[in-house]
Amino acid sequence: MTSEELLDKAKALNDEKKYQEVIDLLTDKLLDEKQKSELYAEKAKAYWRLNNYKLCEVNADKALKIEPENATALHYKGNIFWSLRQFENAKEYYKRAIGKNPELWGSYDALGIVYENLNQYDKAIEFYKVAIKKGPENPEPYYNLANIYYRRKNFEQAAEQYKTYLSVVSNHKSAFVSIAKTRLDEINKIAVDDFYGRVKKIVAEIKKILLYQEKCVTHYTTFSASHILLLDEKSTFRLSEGTFLNDSSEGRVLFDYLPSLNKLTISPNKAEARPFAAKPFIGSLVSEDQYDDLTLWRMYGKEDDEEAKGCAITIEREKLLNAFKSVLFKDEKLEGSTNIDEELSFYRVAYLRKSDNSFKVPGLKQEGQEKLLKAMEQLSDVITNFVKSDFSQEQKKNIEELLNSVAYLFKTYAYQYENEVRLVVHRSLFERQLNENLTPPKVFISPTGIRPFVAKITLGPRMPKAEEWAAAFHYNLNKSNLNPEIYISQLPFK
């Protein structure tokens, strides 16, 4: 087979997403004989799509050694730098790729993603528009451009781009499709319901105020659960749908703060059935500095209801979020922006003191506390006016679902010692699972494990044979090149 025939076949296989066949076709021995940069570049592309960044880079480098300005190899070399978050180097290689091939729409799109990651949104918009012009049949730039318009509250423009994206995309099971449909649905609700738009704006402000961005979070759990999470490489971290959290009062504090909202959740006409309002999935954790707290050992670090015999697992926040995104976008490397903060983020919990309707948010500066109180007062006013209006059951359901996206970020003042942090995941992102052994069956998601992201393990002060278990954790994790700090609590416990 000639080099030209090999190249045509490799390109066709990559287009058909038969990446392993490309690698099997273009053996190292064959490529060393042919010494064609285009063949190395196609193999680099296949390795990239299979998440093998090391061999992607090896083959891109071999292509560039033969032909320093090979556009495809330059693009994938840029991807490698992007994956390492070395954005300046990524920009350099994408621009070189465009210089060699001005029609390479993917490099314009990738530059847009780089500038978006750098919060240079005007530049990102510029490159997304060029990518659309160069490759109007490709869906990704439409999606990326829509996302920026959406975050900037340019909803009419965002809707136009999302619709175009959905009209040209071929993989309708894509995670990007799910997000595009969710956001387009939000835009449509805003367009027809002024109250919904006003509540949406305030909810976004509340999320912004409560957003948690510290390096780590800590998860208190039973020893049985921690044993599985830490020692079983196939274990996954479960998040329950809001309805199924252990405390029956969960999600109600916000509604109690907004007394007029009772008319939303209790049908004015008792003969009229109330529609179900879906809720997000919630992970309950605490701030990193609470990794060895006596009260938390009593409340959550249990084993068979015996206090302080559990475990506190401290996890690197950003790495866990990136792992969630890797699962979500596992088949969609780079081409679409993975900025989904609105659908997947950690937040601080606000504690309501009913005596004066004030809020305490541990770790939040006074300016943030004041902003939260102002936002909550605005929300109360909007909901009060909404209840006075002639609303429909559909409007009521939509408002309640919107409020549910932040309802689990509020608890009563009695729990303020917890410094709780919550991972909130939009219901549309991951496949829902059912534990049918329970009645009613429990709804949850479990996208990924936490072993690779554990920074610290703390065994409870009443943990039996703690030294032995600490050694077991150390050597087991060490075999996987994981080296979290391990502590045994010495807190006095009676």
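**Two helices and a pocket, questioned**

Author: In this predicted model, helices α1 and α4 are roughly parallel to each other.

Reader: Why are α1 and α4 called roughly parallel?

Author: Look at the angle. Helix α1 (residues 3–15) and helix α4 (residues 37–49) pack at about 15 degrees, with their axes 10 Å apart. Angles under 35 degrees count as roughly parallel, and α1 and α4 therefore get that label. Their crossing is left-handed, by the way.

Reader: Which residues make the contact between α1 and α4?

Author: From α1 you have Ser 3, Leu 6, Leu 7, Ala 10, Lys 11, Asn 14 and Asp 15, and from α4 Glu 38, Leu 39, Glu 42, Lys 45 and Ala 46. Split by type, the residues of this contact come out as five nonpolar, two polar and five charged.

Reader: What makes Ala 46 part of the contact?

Author: Distance. Contact means heavy atoms within 4.5 Å, and Ala 46 of α4 is among the residues that make the contact with α1.

Reader: On to the second largest pocket: what is its volume?

Author: About 1,300 Å³. It is lined by 39 residues, and the closest to its centre are His 219, Tyr 220, Thr 221, Asn 246 and Lys 442.

Reader: What makes a residue count as lining that pocket?

Author: It needs an atom within 4 Å of a grid point of the pocket. Strand β3 (281–287) gives the most to the lining, with five residues. Other elements giving two or more include α14 (223–231) and β11 (442–445).

Reader: How does the lining of the second largest pocket divide by residue type?

Author: Into 15 nonpolar, twelve polar and twelve charged residues.

Note on methods: Residues are numbered from 1 along each chain as its sequence is written. This is a predicted model: local features need pLDDT of at least 70, side-chain atom pairs count only at pLDDT 80 or more; totals for chains, interfaces and linings use all residues. Side-chain values use heavy atoms; hydrogens and water are left out. Axes are lines fitted to C-alpha atoms, for helices over the stretch in contact, and angles run from 0 to 180 degrees between N-to-C directions. Helices (H or I, at least four residues) and strands (E, at least two) are DSSP runs, numbered from the N terminus. Angles under 35 degrees count as roughly parallel, over 145 as roughly antiparallel, 65 to 115 as roughly perpendicular and the rest as oblique. A crossing is left-handed if the near helix is turned anticlockwise from the far one by less than a right angle, and right-handed if clockwise. Ala, Val, Leu, Ile, Met, Phe, Trp, Tyr, Cys and Pro count as nonpolar, Asp, Glu, Lys and Arg as charged, and the others, Gly among them, as polar. On a 1 Å grid over the protein atoms alone, a cavity is a set of points where a 1.4 Å probe fits but cannot get out, and a pocket is an open set with protein on both sides within 12 Å along at least five of seven lines; lining residues have an atom within 4 Å of a point. Grid points are joined across faces, edges and corners, and a volume is the space filled by probe spheres set on the points.
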